[in-house]
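Trainee: Please take me through the ligand site in close detail. Then place it against the other hollow spaces in the model.

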Amino acid sequence: MVVASPNPRRAEKIQAVELPVIDLSPSGRSAAPALIVEACEKYGFFKVINHGVPGEVVSRMDEASAGFFARPDSEKRGAGPADPFGYGSKSIGFNGDVGEVEYLLLETDPVLVSRRSVGISDDPNRFSAAVNSYIEAVRELACDILDLMAQGLRAPDASVFSRLLRAVDSDSVFRINHYPRRSGAVLLRGGGGVGEEVGFGEHSDPQILTVLRSNDVGGLQISLEDGVWTPVPPDPAAFWVNVGDVLQAMTNGRFLSVRHRALTNPFKSRTSMAFFGAPPLDAWIAPQRELLDPRRPCIYKPFTWAEYKKAVYSLRLGDTRLDLFRAR
Ligand code: GA4
């Protein structure tokens, strides 16, 4: 199906693909390392089921986020502007990117979450307890997945990736997005009849690994080639995982930092929450020597996460920042 593009000059194709599913239950685990590596090489994206995150942790988080977004605009604005942390509406980052989305961007340090919750909720203790236990659980899941990846790659250091997320000064962040239902005049006029608008434009995530969950409303799409979009079916019981730029650099381009975007739904509002697992600011990011294929020289120069983050925030959402760090 060809639909009009948010960039009206570029025609787009929607292509359904069966995306990889990784089962983390005791019976599925032995196959997981190889399957995760395959998924990261092919798509940089996969779904995780039987993940072990307790249902009540998820439902308390859903309740906290629904409670916040249901507040009057004037009260939500009190938790903003996003600098980058706090409440933001329509404006994404600092360089003019916009989308049909409102969000909360939060630090992952529990003390900072507690402090920030005062401006977010009338019951800040309840809100921060929900957020902090959710973050703790998804960080654990992210580390579990990173260890399976290291195992699948036969890395001599079994916690080469997860160590960066477990560090006390890890720069991980947590985002809750709310896409109000909206019919998109732009796309409707284009003849696709889809009625969607761009909620969060095309980009890759800068960090190591993103662990994402949404309500039962679709809208997320990944791009496997330029202009071709694969819809990601919603599944509130599962988590979707995507490879970030740093993991692409650490695997010397073997894993793909997947480009993705979120469209709004004309009939239902969509909520998604993403944990972005990041290294500490002073961590050096370089391809792991043991993972290098002698026939494939280093693609990227080593950089610190602080340097990379500076580049991220100086560019637009859709820019390919890793290109700035190419070895030649
Ligand atoms: C995309 C991934 C995460 O949501 C995020 C975003 C960040 C922000 O909203 O502040 C950025 C975006 C994200 C990449 C480019 C820059 C920075 C907005 C933007 C235009 C929190 C992140 O780390 O990078």
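Mentor: Start with the location: the ligand sits in the largest cavity. Keep in mind that this is a predicted model.

First, the ligand's immediate shell. It is made up of 15 residues. The closest are Arg175, Pro206, Gln207, Phe276 and Tyr313. Three of these names return in the polar contacts. The side chain of Arg175 places an N or O atom 2.7 Å from an oxygen atom of the ligand. Gln207 has a polar side-chain atom 2.7 Å from a ligand oxygen. For Tyr313, the distance from a polar side-chain atom to an oxygen atom of the ligand is 2.6 Å. On its own, the ligand has 450 Å² of accessible area, and the protein covers 97% of that.

Now the make-up of the shell. It has 8 nonpolar, 3 polar and 4 charged residues. Strand 6 (97–107) and helix 9 (305–314) each supply at least two of the shell residues.

Step back to the cavity itself. Its volume is about 670 Å³. It is lined by 40 residues. Nearest its centre lie Arg175, Phe200, Pro206, Tyr313 and Leu317. Arg175, Pro206 and Tyr313 are also among the residues closest to the ligand. Several elements give two or more residues to this lining. They are strand 6, strand 7 (173–179), strand 8 (198–203), strand 9 (209–214), strand 13 (259–263), strand 14 (270–277) and helix 9. By class, the lining has 21 nonpolar, 10 polar and 9 charged residues.

Next, the other enclosed space. A search of the whole structure finds 2 cavities of 30 Å³ or more. The second largest cavity has a volume of about 50 Å³. Its lining includes Leu212, Arg213 and Ser214. Also among the lining residues are Val217, Gly218, Gly219 and Leu220. Val232, Pro233, Pro234, Trp240 and Arg270 line it as well. Strand 9 gives the largest share of this lining, 3 residues. Strand 9 also gives two or more residues to the lining of the largest cavity. The classes in the second largest cavity are 7 nonpolar, 3 polar and 2 charged residues.

Then the open spaces. The second largest pocket has a volume of about 430 Å³. Of its 20 lining residues, Thr108, Asp109, Pro110, Arg139 and Val168 are closest to its centre. Helix 4 (110–117), helix 5 (124–152) and helix 6 (162–166) each give two or more residues to the lining. Helix 5 supplies the largest share, 5 residues. By class, this lining has 8 nonpolar, 4 polar and 8 charged residues.

Last, some backbone features to check. The peptide bond from Gly80 to Pro81 is cis, with omega near -5 degrees. Asp83 and Pro84 are also joined by a cis peptide bond, with omega about 5 degrees. Pro81 is found in the loop between helix 3 (73–77) and strand 5 (86–92). Pro84 lies in the loop between helix 3 and strand 5 too. Asn50 is not a glycine, yet its phi is positive, about 50 degrees. Asn50 belongs to the loop between strand 4 (45–49) and helix 2 (55–69).

Definitions and conventions: Residues are numbered from 1 along each chain as its sequence is written. This is a predicted model: local features need pLDDT of at least 70, side-chain atom pairs count only at pLDDT 80 or more; totals for chains, interfaces and linings use all residues. Side-chain values use heavy atoms; hydrogens and water are left out. A residue is near a molecule or strand if one of its heavy atoms lies within 4 Å of it. A polar contact is a pair of N or O atoms within 3.5 Å; within protein, one must be able to donate a hydrogen and the other to accept it, and residues adjacent in sequence count only if both atoms are side-chain atoms. Accessible areas come from the Shrake-Rupley method with a 1.4 Å probe; for residues, only the protein chains shown count as cover. On a 1 Å grid over the protein atoms alone, a cavity is a set of points where a 1.4 Å probe fits but cannot get out, and a pocket is an open set with protein on both sides within 12 Å along at least five of seven lines; lining residues have an atom within 4 Å of a point. A molecule sits in a cavity or pocket if more than half of its atoms lie within 2 Å of its grid points. Helices (H or I, at least four residues) and strands (E, at least two) are DSSP runs, numbered from the N terminus. Ala, Val, Leu, Ile, Met, Phe, Trp, Tyr, Cys and Pro count as nonpolar, Asp, Glu, Lys and Arg as charged, and the others, Gly among them, as polar. Grid points are joined across faces, edges and corners, and a volume is the space filled by probe spheres set on the points.
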